[in-house]
Amino acid sequence: MTIRTAWAAAHTPVAGVPRWARTAAVIVPLTVVPSSLWRISGWTLQLPIVYGGPAVLAGDDRTLGMPTSVYVVLLSIFSEAVAFAAVGLVAQWGEVFPKWLPGLRGRPVPPLAAIVPAAAGAALLTVIWTAALVTVPFSRTITGRPMTVPDPLTMHHWKGVLAIAMYLPLVLWGPLLGALTVAYWRRRRAGSAAG
């Protein structure tokens, strides 16, 4: 299978998907890319783009029992995979399990199996990134408490502004996923009513 064939299989929308939903489904994974690139560049590659530099990077170099540089790469890959799942809300593999899934291949995806996690994710992402947008740039934690360590996301230095700019697209992730979830629910409901 060529990359072009794989891309088409993963992204080709099913009948009845509005143009805005196709566009939104492609945008969702792209919202994660800037923050992932910033994290990998700053933490894993240790490029001088993190405000607080060595003070922030030199702390405990382990996160969840692994080197922080490895954790950052795995977090970025995981985030992108989760964001890419939004494409399933417009593509064939979001309605019929793909051939490569043994035991499920060719079976219809139960609508609630996609709607419930997508709706929960949309709500959670919207709350998290909206709260982060109004607290973190002002040296506050997401709970509103003052930061106690050097804050790499700050409005007081170009490196902090760069970090905020790289995380800013994440604010779109939740609302776009929510809109896609509603469109998926409507399409699947209409399809089951017609069938």
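Below are four short exercises on a predicted model, each with a worked solution.

**Exercise 1.** Place serine 35 in its helix and decide whether serine 35 is buried or exposed.

*Solution.* Start with the helix: serine 35 sits in α2, residues 19-44. Next, take its relative accessible area, which is 1%. Buried means under 20%. Serine 35 is therefore buried. Finally, list its contacts, leaving out residues up to four places away in sequence: Met166, Tyr167 and Leu170.

**Exercise 2.** Test the span of helix α5 against 1.5 Å a residue.

*Solution.* Helix α5 covers residues 111-135, 25 residues in total. The expected span is 1.5 Å times one less than the number of residues. That gives 36 Å for α5. The end C-alpha atoms are 36 Å apart, so the two values agree. Now look along the helix: the buried residues of α5 include Ala114, Gly121, Ala122, Leu125 and Trp129.

**Exercise 3.** Describe the surroundings of glycine 174.

*Solution.* Glycine 174 belongs to helix α7, residues 170-194. Its relative accessible area is 2%, so glycine 174 is buried. Beyond four places in sequence, glycine 174 touches Ala122, Leu125 and Thr126. Ala122 and Leu125 are themselves buried residues of α5. Valine 14 lies 160 residues from glycine 174 in sequence and 22 Å away in space, C-alpha to C-alpha.

**Exercise 4.** Characterise the second largest pocket by volume and lining.

*Solution.* The volume is about 680 Å³. The lining has 27 residues, with Val82, Ala85, Ala86, Gly88 and Trp93 closest to the centre. α1, α4, α5 and α7 each give two or more residues. α5 gives the most, nine. By type, the lining has 24 nonpolar, three polar and no charged residues.

Key: Residues are numbered from 1 along each chain as its sequence is written. This is a predicted model: local features need pLDDT of at least 70, side-chain atom pairs count only at pLDDT 80 or more; totals for chains, interfaces and linings use all residues. Side-chain values use heavy atoms; hydrogens and water are left out. Helices (H or I, at least four residues) and strands (E, at least two) are DSSP runs, numbered from the N terminus. Buried means under 20% relative accessible area, exposed over 50%, partly exposed in between (1.4 Å probe, protein chains only). Contact means heavy atoms within 4.5 Å. On a 1 Å grid over the protein atoms alone, a cavity is a set of points where a 1.4 Å probe fits but cannot get out, and a pocket is an open set with protein on both sides within 12 Å along at least five of seven lines; lining residues have an atom within 4 Å of a point. Grid points are joined across faces, edges and corners, and a volume is the space filled by probe spheres set on the points. Ala, Val, Leu, Ile, Met, Phe, Trp, Tyr, Cys and Pro count as nonpolar, Asp, Glu, Lys and Arg as charged, and the others, Gly among them, as polar.
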